[in-house]
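Dear colleague,

I am handing over the structure we spoke about, and I would be glad if you could keep it open while you read. My notes on it come after the display.

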Amino acid sequence: MEVSVIEKKLAQKDIPITPMRMIVLDALMKSSQAISLSEFEELLQQSDRSTIYRTLKTFEKKGLIHSIQENNTTQYLMCHDDCDESQHHDYHLHFYCTECKKTTCLEEVRFENIHFPEDYLIKELKFVANGICKDCQK
Ligand SMILES: [Zn+2]
Ligand SMILES: [Zn+2]
Ligand SMILES: [Zn+2]
């Protein structure tokens with residue numbers, strides 16, 4: 001990924017540019033699948049876990065990435081919608097492939113205008129489908 005592209009992404013979300021943020025965002029933008037904290041650690045050998053974690057939390061807060069829970073691990077994906085600091089809009093299905101164990105965003109399948117009974121406070125919504133991805137079906 002070009003440096004200028006990454007810098008622009010960070011600037012758009014008012015995130016000050018640091019070398020660490022550049023590296024983490026580069027990895028996320030290159031990846032079509034969700035990346036967990038442990039995978040980041042493997043990917044960025046010279047960086048420590050807490051710094052990577054803080055970077056991811058900043059990105060998530062600023063509406064640059066969203067996270068999902070899969071098998072008790074948190075994984076991170078780029079936001080493609082107009083997410084910002086006030087709200088995320090990633091109301092789409094996530095697809096977990098049982099063959100290659102990769103999780104991807106299925107933005108074609110959206111969940112919008114869902115109305116919940118007023119007396120329920122929803123803190124988290126999970127839309128995950130399990131199956132076999134198109135690459136693994138070949
Ligand atoms: Zn988002
Ligand atoms: Zn697969
Ligand atoms: Zn997603």
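What follows is a tour of the helices, the sheets and the metal sites, taken one part at a time.

Please keep in mind throughout that this is a predicted model, and that the values below were computed from it.

**The sheet of β1, β2 and β3**

A good place to begin is the open sheet built from three strands, which are arranged in the order β1-β3-β2 and paired in the antiparallel sense. The edges are taken by β1 (35-36) and β2 (65-70), and since each of these has a single partner strand, one side of each is left without a neighbour in the sheet. Between β2 and strand β3 (residues 73-78) the antiparallel pairing runs over six bridges, while β1 and β3 are joined over two bridges, again in the antiparallel sense.

If you would like to follow the pairing residue by residue, Tyr-76 in β3 is a helpful landmark, for Ile-35 stands opposite Tyr-76, and Ser-67 stands opposite Tyr-76 as well. Elsewhere in the sheet, Glu-70 has Thr-73 of β3 opposite it. The hairpin of β2 and β3 has two residues between the strands, and there Asn-71 takes a positive phi near 50°.

**The helices that pack on this sheet**

Two helices deserve your attention next. Helix α4 (residues 49-61) lies across β2 and β3 and runs at about 115° to β2. How do α2 and α4 pack against each other, and at what angle? The angle between α2 and α4 is about 70°, and their axes are 10 Å apart. Because an angle of 65 to 115 degrees counts as roughly perpendicular, α2 is described as roughly perpendicular to α4. On the α2 side the residues that meet α4 are Met-20, Arg-21, Val-24, Leu-25 and Leu-28, and among the residues they meet in α4 are Ile-52, Leu-56 and Phe-59.

Helix α2 also holds Asp-26. Is Asp-26 buried or exposed? Its relative accessible area is 17%, and because buried means under 20%, Asp-26 counts as buried. Leaving aside its neighbours within four places in sequence, Asp-26 is in contact with Met-1 and Ile-6. For contrast you may look at Gln-12, which sits in helix α1 (residues 3-12) and counts as exposed, with a relative accessibility of 54%. Gln-12 and Tyr-91 are 79 residues apart along the chain, and their C-alpha atoms are separated by 22 Å.

**The zinc ion (ligand 1)**

Which residues coordinate the zinc ion (ligand 1)? They are Cys-79 (SG), Cys-83 (SG), His-88 (ND1) and Asp-90 (OD), at 1.9 to 2.3 Å. The angles among the four donor atoms are 100 to 117°, and the site of the zinc ion (ligand 1) is tetrahedral. As a general guide, the ideal angle for four tetrahedral donors is 109.5 degrees. Along the sequence, the donor residues of the zinc ion (ligand 1) are spaced C-x3-C-x4-H-x1-D. Both cysteines of this site are buried, Cys-79 with a relative accessible area of 8% and Cys-83 with one of 2%.

**The zinc ion (ligand 2)**

The zinc ion (ligand 2) is coordinated by four cysteines through their SG atoms, namely Cys-97, Cys-100, Cys-133 and Cys-136, at 2.3 Å. Its site is tetrahedral too, with angles of 102 to 118° among the four donor atoms, and its donors follow the spacing C-x2-C-x32-C-x2-C along the chain. Within this set, Cys-97 in strand β4 (residues 92-97) and Cys-133 in the segment after β6 (128-131) are 36 residues apart, and this pair links distant parts of the chain. Both Cys-97 and Cys-133 are buried.

**The sheet of β4, β5 and β6**

The strand that carries Cys-97 brings us to another open sheet, in which three strands follow the order β5-β4-β6 with mixed pairing. Its edge strands are β5 (103-110) and β6, each of which pairs on one side only, and the twist averages 35° from one strand to the next. Between β4 and β6 the pairing is parallel and runs over four bridges, with Val-128 in β6 as the bridge partner of His-94.

With good wishes for your reading

Note on methods: Residues are numbered from 1 along each chain as its sequence is written. Chains are lettered from A and ligands numbered from 1 in the order in which they are written. This is a predicted model: local features need pLDDT of at least 70, side-chain atom pairs count only at pLDDT 80 or more; totals for chains, interfaces and linings use all residues. Side-chain values use heavy atoms; hydrogens and water are left out. Donors are N, O and S atoms within 2.8 Å of the metal (3.2 Å for Na, K and Ca); water is not among the atoms, so sites may look incomplete. Four donors count as tetrahedral if all angles lie between 85 and 135 degrees; four count as square planar and six as octahedral if opposite donors are over 155 degrees apart and all others between 65 and 115; anything else is irregular. Buried means under 20% relative accessible area, exposed over 50%, partly exposed in between (1.4 Å probe, protein chains only). Two strands pair if DSSP finds at least two bridges between them. Contact means heavy atoms within 4.5 Å. Axes are lines fitted to C-alpha atoms, for helices over the stretch in contact, and angles run from 0 to 180 degrees between N-to-C directions. Angles under 35 degrees count as roughly parallel, over 145 as roughly antiparallel, 65 to 115 as roughly perpendicular and the rest as oblique.
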